[in-house]
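Here are a few exercises to work through with the model open beside you. Try each task before reading on to its solution.

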Amino acid sequence: MTADTGATCVAKGMPSRSAAIRTAASGAGSGAPGTKEMVWIPGGTFLMGADEFPDARPVHSVTVKGFWMDEHEVTNAEFARFVSATNYVTVAERPLNPADYPGVPAEQLVPGSAVFTPPAQKVSLANPLQWWEYVKGASWNHPNGPKSNLVGHENEPVIHVSYEDATAYAKWAGKRLPTEAEWEFAAQGGKGNRTYYWGNELKPAGKWIANIYQGDFPAHNTTEDGFAGVAPIKSFPANPYGLYDMDGNVWEWCQDLYRPDYYSKSPKSDPQGPTDSYDPEEPGAVKHVQRGGSFLCSDQYCIRYKAGSRGKGEISSGSNNLGFRCVREK
């Protein structure tokens, strides 16, 4: 089995909220707009994509205009200020509609989210639901379930955020989510298309410089990089543009809808993504692009932390390895 297949790779689709639940059951513009803790990305022309991944082909030339980008993922502290100001309730916290889950007992339809739960022993990598658990009561402020909280984790990326949650925060903050092209251009740091966004060596000078998975996935994480899960922002070096964690840590939502064939017809200047979503693995699901990989990516299991690769996620689904950052034009 290869390290990156449709059946096994989190990047190619963390199990949707609906799938996880079924398995378990068997205010705008008020966020002080500005460019504090953002960096200016000058724009330019670059090669986008990667031949290694079918949905990232062909590698093609793209030009993007300059933009501001958050230097790090949106943190728990930042998201808490948004919630305090707006009383926003995330998708993971909302009641579930029984009509959306026919056949699932009503008592099982409890708000929650997907949490990586490593098995006690080595398992086949063919079924991600062996290590993803729908945890009732898990949400951005209770990341591991109702008994957990954010004390001591304020400086970590907010997680368990759906696409709707991310766009709501961005609108409040006077920003937006990045396009997929903007995200990749920024991740390259002006250095061009390389194996990893930081270069061509996995461990430059023998050091881990991104928060990814080391060990025997999913049962034994050696934590050689210092973290078993999410790392606080700025735990690893910034790229040449001054951006942190463009590889690993948490997946990041982009504004583009997902289609595996989009690159064959993508515009050459500031592409905005396709007008509709299609994933042959879940034809009825509406999905947006996710980028950058997470602390669960490794060469043994999911290699989509590598440069040019793409992730995807159903719009109402979150997990404890999924966050976001924002951009703005001026």
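**Exercise 1. The open sheet**

In this predicted model, work out in which order four strands form an open sheet, and which of them stand at the edges.

*Solution.* Start with the pairs. Strand 10 (residues 287-291) and strand 11 pair in the antiparallel sense, over four bridges; within this pair, Val289 has Lys312 of strand 11 as its bridge partner. Next, strand 9 and strand 10 are also joined in the antiparallel sense, over three bridges. Finally, strand 9 pairs with strand 12 in the parallel sense over two bridges. Putting the pairs together gives the order 11-10-9-12, with mixed pairing. Strand 11 (311-314) and strand 12 (322-323) each have a single partner strand, so one side of each is left without a neighbour in the sheet.

**Exercise 2. A residue with partners in two strands**

Find the bridge partner of Glu252 in strand 12 and its bridge partner in strand 10. Then decide how many residues of strand 9 are buried.

*Solution.* On the strand 12 side, Glu252 is bridged to Gly323. On the strand 10 side, the partner of Glu252 is Arg291. As for burial, strand 9 is mostly covered, with six of its seven residues buried.

**Exercise 3. The two sides of helix 2**

Which residues of helix 2 (residues 76-86) are buried, and where do they lie around the helix axis?

*Solution.* First list the buried residues: Asn76, Glu78, Phe79, Phe82 and Val83. Looking down the axis, these residues fall within an arc of 165 degrees, so they line one face of helix 2. This fits a general rule: an α-helix has 3.6 residues a turn, so residues three or four places apart point the same way. Now turn to the other side of helix 2, where Ser84 and Ala85 are exposed. Then ask what covers the buried residues: the cover includes helix 3 (163-172). To finish, step just past the end of helix 2, where Asn87 has a positive phi of about 60 degrees.

**Exercise 4. From one phenylalanine to the core**

Leaving aside neighbours within four places in sequence, which residues are in contact with Phe82? Which element supplies the largest share of the largest nonpolar core?

*Solution.* Beyond those sequence neighbours, Phe82 is in contact with Asn87, Tyr88, Ala168, Tyr169 and Trp172. Now widen the view to the largest nonpolar core, which has 44 residues. Phe79, Phe82, Trp131, Tyr169, Phe217 and Phe324 have the most contacts inside this core. Helix 2, strand 5 (112-116), helix 3 and strand 9 (251-257) each supply at least two of its residues. The largest share, six residues, comes from helix 3. Apart from this core lies another, of 28 residues, including Phe46, Ala187, Tyr262 and Val289.

**Exercise 5. Two loop residues**

Are Arg304 and Lys36 buried or exposed?

*Solution.* Locate Arg304 in the loop between strand 10 and strand 11. Its relative accessible area is 1%, and buried means under 20%, so Arg304 is buried. The side chain of Arg304 reaches the backbone oxygen of Arg310 at 2.8 Å. Lys36 sits in the loop between helix 1 (17-25) and strand 1 (38-41). With 73% relative accessibility, Lys36 counts as exposed.

Definitions and conventions:
Residues numbered from 1 in each chain as written. Predicted model: local features only at pLDDT ≥ 70, side-chain atom pairs only at ≥ 80, totals over all residues. Heavy atoms only, no water. Buried < 20%, exposed > 50% of the residue type's maximum accessible area, 1.4 Å probe, protein only. Arc of directions from axis to C-beta. Contact = heavy atoms within 4.5 Å. Core = buried A, V, L, I, M, F, W, Y, C linked by side-chain atoms within 4.5 Å. Pairing = 2+ DSSP bridges. Polar contact = N/O pair within 3.5 Å; in protein donor to acceptor, adjacent residues only side chain to side chain.
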